[in-house]
Amino acid sequence: MVIRSKTLRLVILISTVLVTIIIAVQLFWLQKVYKYEEKQFNINVSKSIRGLYRDMQLVNDVSDNVQKKIENPKPDLYLLRIDCNPHLDSLWTNLKAELTDFDVYTDCKAAIYSQEKNAYTEEEYIDLPDAYFPPKEKKPLPVLKRDYSYIALFFPHRGGYILKQMYFWIASGGLLLVVLIAFGASIFYLYKQKFLNETQKDFVNNFTHEFKTPLAVIKIAAEVLQQPGISQKPEKLKNYASIINEQISHLQGQTQRLLEIAYTDSNALQLEKEKFDVNDLLQQAINNLHPLAEEKNAVIQTTFSSTGIMVTADKYYMLLTFINLIENAIKYSTSPKINIATYTEGHDCCIAVKDNGIGISEENQKKIFNRFFRVTEGDLHTTNGFGLGLNFVKKIVEEHGGKIDVKSEPGNGSTFIIKIPQH
Ligand code: ADP
């Protein structure tokens with residue numbers, strides 16, 4: 001079957017590439033915004049600290065560059081060098097005022113480190129209104145050993161706070177993602193729908209094709225039989241009656257098959273297992289296909305395992321399986337030379353049906369077991385069929401706990417191998 005939904009597949013491919021690019025760009029921008037917000041936070045804290053140095057007498061040499069007195073050993077920790085012990089109350093008040101002035105709205109643990117004691121002597125928790133995200137957790141204030149005293153400013157929720165500044169970006173990115181997913185899902189649904197439509201159309205086409213020819217032949221034969229002088233020609237009468245009979249048998253066979261497949265598809269297979277010789281059943285399948293084989297001058301050879309292979313399986317379904325495979329081997333070969341081999345492999349019974357037909361490309365080998373799938377050259381079906389046989393065969397084989405494989409090369413024939421457990 002030609003995939004006419006090809007265009008749609010191309011659209012899906014292009015959309016996937018575009019969506020991936022959009023997501024990558026989004027992530028890139030989010031990361032950029034995060035970096036920007038980080039930088040902004042750092043600038044604001046530095047400004048607050050400079051303000052604090054201005055507000056209070058913390059160092060002896062005020063003329064010196066304030067920036068040199070600030071150390072930022074970790075992103076969330078600032079050390080402010082001091083030469084004297086500041087007045088505590090005014091220190092905390094000033095600090096809070098400076099931080100709010102420069103929009104640093106996240107909680108802060110402040111402490112005074114004494115160089116002599118190598119420990120914090122004073123600690124204060126500065127709670128700010130718009131603080132933490134996610135819920136407050138207790139992060140201890142790290143102690144860093146220095147050869148000078150300092151004020152430590154520790155922002156335990158710095159990361160969360162920065163993310164909070166990015167709410168708008170994260171929300172819009174998330175929204176875009178949801179829209180893209182919805183868009184992708186709709187295109188996929190559309191594709192599935194289109195694919196289904198096409199397979200259905202194909203099926204109806206094949207169906208019509210399959211039934212049109214026998215019906216036309218029957219119509220012509222019936223017209224001949226209606227001719228006035230026909231009773232005087234018993235030979236002709238017999239001939240045309242047998243043509244009608246033949247065509248009707250063919251139609252009956254096809255209808256039976258369709259019903260069978262439709263039935264097995266909607267119901268789990270009820271296997272009625274019995275013990276039989278696979279070689280005998282294969283021979284029966286070959287005999288059943290004798291008319292078709294004769295019509296196409298097919299040569300069917302058998303390389304059966306000499307001892308016979310007994311299996312316990314559903315005989316009727318197995319017969320249908322063999323008929324399907326051998327019929328395909330005849331149908332898809334111009335001058336069919338078919339070999340049917342049976343052998344055992346461990347506890348498995350193996351049946352290999354080899355033909356010298358048109359073969360199947362690697363890509364199509366994966367698809368031939370799908371319902372309604374038929375290989376087409378252009379849009380023209382050269383052989384009749386519904387594309388249901390192999391799907392049916394696979395189902396039967398798998399219900400028996402076996403598996404089916406195909407080895408094929410275009411132009412060099414195909415081999416279908418079935419392996420089913422003997423018991
Ligand atoms: P149908 O024969 O009714 O089309 P099947 O399900 O039996 O349906 O086969 C599906 C398709 O697989 C066929 O249309 C044909 O293109 C391909 N195929 C099956 N058997 C063979 C074979 N022996 N050689 C080449 N092609 C095959």
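Let's start in the loop between strand S3 (108–114) and strand S4 (119–126), which is where you'll find Asn118. Asn118 isn't a glycine, yet its phi is positive, at about 50°. Keep in mind that you're looking at a predicted model. From that loop, we can move on to a second residue with a positive phi, then to two open sheets of five strands and the helices that pack on them.

**Two residues with a positive phi**

- Asn118 is partly exposed, because its relative accessible area of 33% falls between the 20% and 50% cut-offs.
- Phe372 also has a positive phi, about 70° here, and again the residue is not a glycine.
- To find Phe372, look in the loop between helix H9 (362–365) and helix H10 (389–399).
- Is Phe372 buried or exposed? Phe372 has a relative accessible area of 18%, which is under the 20% cut-off, so it counts as buried.

**The sheet with S1 to S5**

- Five strands make up this open sheet, in the order S1-S2-S5-S3-S4, and the pairing is antiparallel.
- Which strands sit at the edges? They are S1 and S4, each of which pairs on one side only.
- Going from one strand to the next, the twist averages 20°.
- Helix H1 packs on this sheet and touches S1, S2 and S5. The direction of H1 makes about 20° with that of S2.
- Strand S1 (residues 70–74) and strand S2 (residues 77–82) run antiparallel and are joined by three bridges.
- Ile70 has Leu80 in S2 as its bridge partner.
- A hairpin of two residues takes the chain from S1 to S2.
- S3 is joined to strand S5 (residues 149–154) by five bridges, and these two strands run antiparallel.
- Opposite Tyr113 you'll see Tyr150 in S5.

**Where H1 meets H3**

- Two packed helices are described by the angle between their axes and the distance between the axes.
- For helix H1 (residues 6–55) and helix H3 (residues 158–165), the axes come within 9 Å and cross at roughly 120°.
- That angle lies outside the range of 65 to 115 degrees for roughly perpendicular and isn't over 145, so H1 and H3 are oblique to each other.
- The crossing of H1 past H3 is right-handed.
- On the H1 side, the contact is made by Tyr34, Glu37, Glu38 and Phe41. On the H3 side, Arg158, Gly159, Tyr161, Ile162, Leu163 and Gln165 take part.
- Sorted by class, the contact of H1 with H3 has five nonpolar, two polar and three charged residues.
- Which residues of H3 are buried? Arg158, Gly160, Tyr161 and Ile162 are.
- The buried residues of H3 pack against H1.

**The sheet with S7 and S9 to S12**

- Here's another open sheet of five strands, this one with mixed pairing and the order S7-S9-S10-S12-S11.
- Its edge strands, strand S7 (299–303) and strand S11 (403–408), each pair on one side only.
- The twist averages 15° from one strand to the next.
- Strand S9 (residues 337–345) pairs with strand S10 (residues 348–354) in the antiparallel sense, over seven bridges.
- Glu345 has Asp348 in S10 as its bridge partner.
- Helix H6 (residues 278–288) packs on the sheet, where it touches S7, S9 and S10. The direction of H6 makes about 165° with that of S9.

**Where H6 meets H8**

- The axes of H6 and helix H8 (residues 315–331) come within 9 Å, crossing at roughly 55°.
- That angle is not under 35 degrees and falls short of the 65 to 115 range, so H6 and H8 are oblique to each other.
- H6 passes H8 in a crossing that is right-handed.
- From H6, the contact involves Val278, Leu281, Leu282, Gln284, Ala285, Ile286 and Asn288. From H8, the partners are Lys315, Met318, Leu319, Phe322, Ile323 and Ile326.
- What does the contact of H6 with H8 have by class? The count is ten nonpolar, two polar and one charged residues.

How values were computed: Residues are numbered from 1 along each chain as its sequence is written. This is a predicted model: local features need pLDDT of at least 70, side-chain atom pairs count only at pLDDT 80 or more; totals for chains, interfaces and linings use all residues. Side-chain values use heavy atoms; hydrogens and water are left out. Axes are lines fitted to C-alpha atoms, for helices over the stretch in contact, and angles run from 0 to 180 degrees between N-to-C directions. Helices (H or I, at least four residues) and strands (E, at least two) are DSSP runs, numbered from the N terminus. A crossing is left-handed if the near helix is turned anticlockwise from the far one by less than a right angle, and right-handed if clockwise. Contact means heavy atoms within 4.5 Å. Ala, Val, Leu, Ile, Met, Phe, Trp, Tyr, Cys and Pro count as nonpolar, Asp, Glu, Lys and Arg as charged, and the others, Gly among them, as polar. Two strands pair if DSSP finds at least two bridges between them. Buried means under 20% relative accessible area, exposed over 50%, partly exposed in between (1.4 Å probe, protein chains only).
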